[in-house]
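Hi,

Here's the structure I promised to send over. Have a look at it first, and my notes on the pockets and one helix pairing follow below.

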Amino acid sequence: MKFRSSLIALAALAAIGSAHALTPTEVAAERAAGNLKEIKITGASALRLALGGFIQADLAQPGTLDVFFNDATGANHRAYSFRLNTAIGSWAVGTPILITKRDQGGSGEGVGPLITAQATQLHMKVDGACSVAAGGVSPATDIQKPGFLCSATVQGMADAGLSDVEPALLEAGINNGGARSTTNLDSEGFVQNIFGVAVNKKLYLALQKAQGLVDASATVVDEDAAKQPSLPVPFVRGALTGQLLGNDPLTKKGWNLVVPGAFDKKINVCRRAAGSGTQAASNVYFANNPCGGNDVYIPSVAGGTIAAVGSLAVNAGSSTGAVETCLGTTAQNAAGDAYALGVIGRENNPRAVVNGVQQDKGYRFVKLNGVAPERANVINGSYEFVVESTMQWAKTGANAPAGEKLDLLKLLRGNMGKAAVLAGLDVDFQAGLAASPSTIVGAWADLPPAVQAFTSHSSRKAAASCTPVRMTK
């Protein structure tokens with residue numbers, strides 16, 4: 001991760017003096033001394049890397065960042081401690097900050113608890129009880145690698161929430177919402193969030209063979225982008241809504257529709273649970289739900305065991321990490337040729353390089369209707385599985401942020417999604433995000449190429465994920 005501006009970097013370096021990372025012990029000490037500023041953010045696990053990346057690149061003094069996961073995968077909770085590289089009101093340069101990010105429960109947790117000012121929501125507890133992570137680095141050099149593990153949680157009201165789609169959509173019944181009013185939420189879209197359909201490597205290779213992209217004798221996937229296989233949107237729609245079942249020799253409505261001879265293979269779906277913004281985006285795009293009123297498709301009900309043979313299994317995870325594990329570990333390692341698909345934010349890279357080490361999470365993204373889930377295709381309008389993510393907080397009430405805390409949240413929301421910021425983030429995070437047309441003034445065609453590369457000129461209507469994508473700039 002690099003700073004967007006060498007001038008910012010130099011200024012921050014000059015300011016830190018003897019600054020150092022905030023380990024769990026130091027976090028506890030700064031808290032006890034009354035110096036620590038704590039911000040609790042909850043919701044949208046698909047945006048966790050965007051948040052962490054912006055903190056590292058734009059808020060933290062170099063050499064002062066520490067990263068915390070709730071366990072080795074960080075599926076449910078993450079946190080970032082650091083010292084400010086710029087003053088925010090009375091919070092001077094060097095002020096110790098702890099931002100906790102709850103991923104568990106997804107986007108719904110970034111909406112409902114803010115409406116009700118829920119004081120019992122659980123957030124990561126960072127203190128001396130945290131342990132050093134295996135191979136952990138402190139100060140952090142990569143936000144995808146924790147320096148410490150903190151398994152304990154503490155109750156409290158969130159200061160702000162993130163959601164992949166607008167709060168009103170998360171309050172729909174299909175998304176496990178309570179149909180509550182969202183008028184007390186100060187909510188604004190700040191970035192386009194790109195989603196993709198991912199499959200485990202066994203299925204990826206089978207699709208490559210079926211589509212003539214690799215030789216029939218191949219035993220490993222071909223990573224060449226030109227060999228990326230495709231799935232028809234109607235097939236994915238059928239799989240996600242329970243219309244396709246494996247192991248039926250009469251109807252043969254299963255994987256055999258895309259992989260010849262695979263009618264006996266179980267349709268395994270790895271998806272997010274209701275209340276997740278990822279699942280809400282999937283419901284909109286693949287099921288027209290709740291957009292279509294009473295005439296909608298219903299997502300498959302969770303249940304069944306991931307396996308090679310059978311009819312249907314749906315694993316509904318509470319976080320993005322859980323879906324990745326379902327696809328790349330559970331399905332990939334299942335006995336026989338178990339095939340599975342799921343929906344994941346494109347900022348997640350199954351082959352990310354973390355602290356210089358190549359990862360392999362056991363799944364790969366596929367094209368939809370022949371179009372790759374890439375930022376460039378979102379920008380030109382050819383890839384439409386994209387929504388506008390929002391950040392919100394309560395306007396009034398016990399959980400309404402104020403003062404410098406509110407200023408910091410406004411700073412996050414107002415800048416995280418801008419092209420200039422996205423261009424400075426890790427390439428993995430960039431893949432899943434695009435600046436919204438609303439962030440620019442004038443014609444898209446008149447933008448410098450460097451800004452065009454990160455700014456979409458297609459979008460849905462603001463705060464209306466049910467509307468179709470259209471070119472607006």
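Before the helix pair, a word on terms: axes here are lines fitted to C-alpha atoms, for helices over the stretch in contact, and angles between N-to-C directions run from 0 to 180 degrees. Also keep in mind that this is a predicted model.

With that in hand, take helix 3 and helix 11 (residues 403–415): their axes lie 11 Å apart and the packing angle is about 105°. Angles of 65 to 115 degrees count as roughly perpendicular, so helix 3 is roughly perpendicular to helix 11. On the helix 3 side, the contact uses Leu51, Phe54 and Leu59, which meet Leu411, Leu412 and Asn415 of helix 11. By class, that contact has five nonpolar residues, one polar and no charged.

Now the pockets. The largest has a volume of about 540 Å³. It's lined by 22 residues, and Ala72, Thr73, Gln144, Gln359 and Lys361 are the closest to its centre. Helix 3 (48–59) turns up again here: along with helix 9 (320–331), it gives two or more residues to the lining. Helix 9 has the largest share, with four residues. The lining of this pocket splits into eight nonpolar, eight polar and six charged residues.

The second largest pocket holds about 400 Å³ of space. Which residues are the closest to its centre? Those are Glu223, Gln228, Arg346, Asn349 and Glu374, out of 14 that line the pocket. Its lining has six nonpolar, two polar and six charged residues.

Cheers

Definitions and conventions
Residues are numbered from 1 along each chain as its sequence is written. This is a predicted model: local features need pLDDT of at least 70, side-chain atom pairs count only at pLDDT 80 or more; totals for chains, interfaces and linings use all residues. Side-chain values use heavy atoms; hydrogens and water are left out. On a 1 Å grid over the protein atoms alone, a cavity is a set of points where a 1.4 Å probe fits but cannot get out, and a pocket is an open set with protein on both sides within 12 Å along at least five of seven lines; lining residues have an atom within 4 Å of a point. Grid points are joined across faces, edges and corners, and a volume is the space filled by probe spheres set on the points. Ala, Val, Leu, Ile, Met, Phe, Trp, Tyr, Cys and Pro count as nonpolar, Asp, Glu, Lys and Arg as charged, and the others, Gly among them, as polar. Angles under 35 degrees count as roughly parallel, over 145 as roughly antiparallel, 65 to 115 as roughly perpendicular and the rest as oblique. Contact means heavy atoms within 4.5 Å.
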